[in-house]
Amino acid sequence: MATRHGAGYEFPGLPLKRVDAGTNLLLTGPALEGARELLLGLLLGEDGVLIITADTSARKILSAFEGVGGRIDRDRVRVVSCTQERDDELGDFVASVGSPGDLTGIGIEYSGQYEQVYARGYDTVRTGIYTLTPLLVYSEDVRPVFRFVNTVTSRIRTADGLGICAINPSAHDEQVINSIAQPFDARIDVREVKGTVELRVTGLPGQPTEWTAVPALS
Amino acid sequence: MSDELPAVVCVDADEGIRTATVQALEAAGFEVRPSGSVADTETALDDSVGCVVTAATLPDGGGFDVVELVRDRYPDCACVLFTDEQPADLPRGGREQVIEYVPRTVSDAHDRLVDVVTAAASGTTQAAYPVPENEAERLAALAAYDLEELSALDTFERLTSLITSHFDIDVAFVGLVDSHEERFVACEGANWRTISREDSICTHTILTGDVMVVEDIQNDPRFAAVDQLKEPDIRSYAGARITDGEGNALGAVCCIHGEPRSYTQAEVDDLRRFADEVEEQLALRQRLKEGSE
C-alpha cells in the first residue's frame, strides 16, 4: 500500500519516487495499456481519494480500484461519475453528473465530495481523473476544459494534494495535449509491451525518464 | 486592499448570512464588497476584484447569473458558490460554468471558504487558457515596459506594414500578452486594440518554443469555437514569440490572413527575424529608460 510521508506522496510497489505535496501529474496512454490501473495504483494509501470517472462507470472504476489493492472506505473514497450509466444506487459516496460535457456539474460535485472527505478529517487528498478525453470530446469549445483543469489542479496544488489526470493522446491533436499539459508538474507516459506495462516520466527530477517496467501491473 | 490580496465581492441577499461571510473574509485580510443582487454585483465589479463569492439564489436571478456576468466582464476572475444547497439540488447554469463550490453546511464552513477563496484568488486559477509556468515573473518583466508609449511608436507600425507586404497577408501585428488580455501595440490591416487572453491565439504562442503556425484556424480545436476569431479576415495565423533578455515571453509578432495558408521554412525564418527586430527595439527602449532614471 502506498503511504504519505511528511511533505510528499509515496508509491510503494511502483517504480516512482516520492513526489511533493501539491503535485499534479498528467498520465498519457491508451486505456487498454495500463493507464487506468496505473492511475488507480497511484491513488493507493490512507489519504482521502477522489475519482472523477468519465468513460468507465463508478461501479467498474471502484471494482478496478479494489483490483489494484484499494480499499473502499466510504468516508475516505469518493467518486464523481460523469458516464451515461446510472450509479445512483451505490450511495452518496458516488455523485452522478450524467454527461462528461457537464463541466459545471463535474466541478461542483468534485468540490462537494472534496469538502465531504475533508470534513471527515482527511486533509490530504489524492485526486484521479479518468479520463479527460471524454470531457474534451463532449465539449465543443476547449476553453471551458482548460478552465476546469486549471481550477482542479489549482485546488490540488494549494491544498497540498496529489492529482493524477489521464488522457488518451491518440484521441487529440498534439497541440491540445501540449496546452492541456501546461498546469501539470510532470507527464507520465504509459504503454504495454508484450504484456508488460511500462512507464516513463518527463518533468520531475529523480524519476525514471526511460521506459521502465511496472511489475505490479503486468 | 493589501498589496497581495485582491478584492472580493460577496453576494448574498440574506443580510445576516452576508455579514458573517464578509466578516470572515475581512478577518483573512481581504477587502470585501458586499452585494445583495446580480444588479448590485455588476456595480461592485472592477479589475481589482480577484474573486466573487455568491449565494445560489438571489432576488433578481441566481448564482450562475452572477457567474455569467463575471465571465462576460472579467473572464479570469475566480467564482465561488457558497450555499447550503447540495450540488444535486443546485439550479444549474450552462454546462461550461466551471467554478469552485463550498457548502455552507460543513463544519467550519467560513474557514473552508477562506481557504478556497485564498487559493482561488492567488492567481489566474480559473483561466480558460493555459498559463505559463513562470507567469508571475513573465508579468513582472512585461510591467517594466510602458505599453502606452510602445503603442505610440512609429517603429512598430512601420514594421507591421512591412510584414503585410512581405508575406502578402491581410493583417500583421505586434501583440503583448498582459495578465488578462493581449494588447496590440501595432497593427496593420485592422483596427484591433485588445483581445481577452482566452480568445487570443498568442496566449498559446508564448508557450511554444518559437514560431507557431495555424494554417486553418477553423480546423484547430483550440480556436475553432472562438467567436472573436470567426471574422472573415481571420483564417490563418503565424506568430513568432517575443522574449526579453531573461527569456520571459512578452508577446508575439504575428501574421493573419483571410484564407488558409501555410508558411515555408524561409518564411518562418523571416518572421523570426522580424520578431528579433521587435525584441531589439524593446531592449533599446529599456536601456533608454534606465539611462534616463
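Helices and strands are taken here as DSSP runs, numbered from the N terminus, and the structure they describe is a predicted model. With that in hand, the loop that holds D160(A) is easy to place: it sits between α5 (143–158) and β9 (162–167) of chain A. Most residues other than glycine have a negative phi, and most peptide bonds are trans. D160(A), which is not a glycine, nevertheless has a positive phi, near 60°. Its relative accessibility is 41%, so D160(A) counts as partly exposed.

A second backbone feature of chain A is found at Y130(A) and T131(A), which are joined by a cis peptide bond with an omega of about -5°. T131(A) belongs to the loop between β8 and α4 (132–138) of chain A.

The strands of chain A offer a helpful frame for a newcomer. Strands of a sheet pair through backbone hydrogen bonds, either parallel or antiparallel. In chain A, 9 strands make up an open sheet with mixed pairing, and their order is β7-β6-β5-β8-β9-β4-β10-β11-β12. At the edges are β7 (94–96) and β12 (212–213) of chain A, each of which pairs on one side only. Strand β11 (residues 196–202) of chain A runs antiparallel to β12(A), and 2 bridges join them. In β12(A), A213(A) is the bridge partner of E198(A).

Helix α2 (residues 58–67) of chain A packs on this sheet, where it touches β5 (48–53), β6 (77–81), β7 and β8 (125–130) of chain A. The direction of α2 makes about 145° with that of β6(A). Helix α3 (residues 103–119) of chain A also lies across β5, β6, β7 and β8 of chain A, and runs at about 170° to β6(A).

Turning to chain B, the chain is divided into domain 1 (7–120) and domain 2 (135–292). The C-alpha centres of these two domains of chain B are 36 Å apart.

Q97(B) lies in the loop between β6 (78–83) and β7 (100–103) of chain B. Buried means under 20% relative accessible area; Q97(B), with a relative accessible area of 12%, is therefore buried. Leaving aside residues up to four places away in sequence, Q97(B) touches T104(A), F64(B), V67(B) and E68(B).

Helix α7 (residues 154–167) of chain B repays a slower look. At 1.5 Å a residue, its 14 residues should span 20 Å, and the end C-alpha atoms are indeed 20 Å apart, so the two values agree. The buried residues of α7(B) are F156(B), L159(B), T160(B), I163(B), T164(B) and F167(B). These residues cover an arc of only 135° around the axis, which means that they are on the same side of α7(B). An α-helix has 3.6 residues a turn, so residues three or four places apart point the same way. D154(B), R158(B) and S165(B) are exposed on the other side of α7(B). The elements that cover the buried residues of α7(B) include α6 (147–151), β8 (171–177), β9 (181–188), β13 (249–257) and α9 (265–292) of chain B.

Just after α7(B) comes D168(B), in the loop between α7 and β8 of chain B. Although D168(B) is not a glycine, its phi is positive, at about 55°. The relative accessibility of D168(B) is 62%, so this residue counts as exposed.

Terms used: Residues are numbered from 1 along each chain as its sequence is written. Chains are lettered from A and ligands numbered from 1 in the order in which they are written. This is a predicted model: local features need pLDDT of at least 70, side-chain atom pairs count only at pLDDT 80 or more; totals for chains, interfaces and linings use all residues. Side-chain values use heavy atoms; hydrogens and water are left out. Domain bounds come from an automatic or database domain assignment. Helices (H or I, at least four residues) and strands (E, at least two) are DSSP runs, numbered from the N terminus. The expected span of a helix is 1.5 Å times one less than its number of residues. Buried means under 20% relative accessible area, exposed over 50%, partly exposed in between (1.4 Å probe, protein chains only). The arc is that of the directions from the helix axis to the C-beta atoms. Contact means heavy atoms within 4.5 Å. Two strands pair if DSSP finds at least two bridges between them. Axes are lines fitted to C-alpha atoms, for helices over the stretch in contact, and angles run from 0 to 180 degrees between N-to-C directions.
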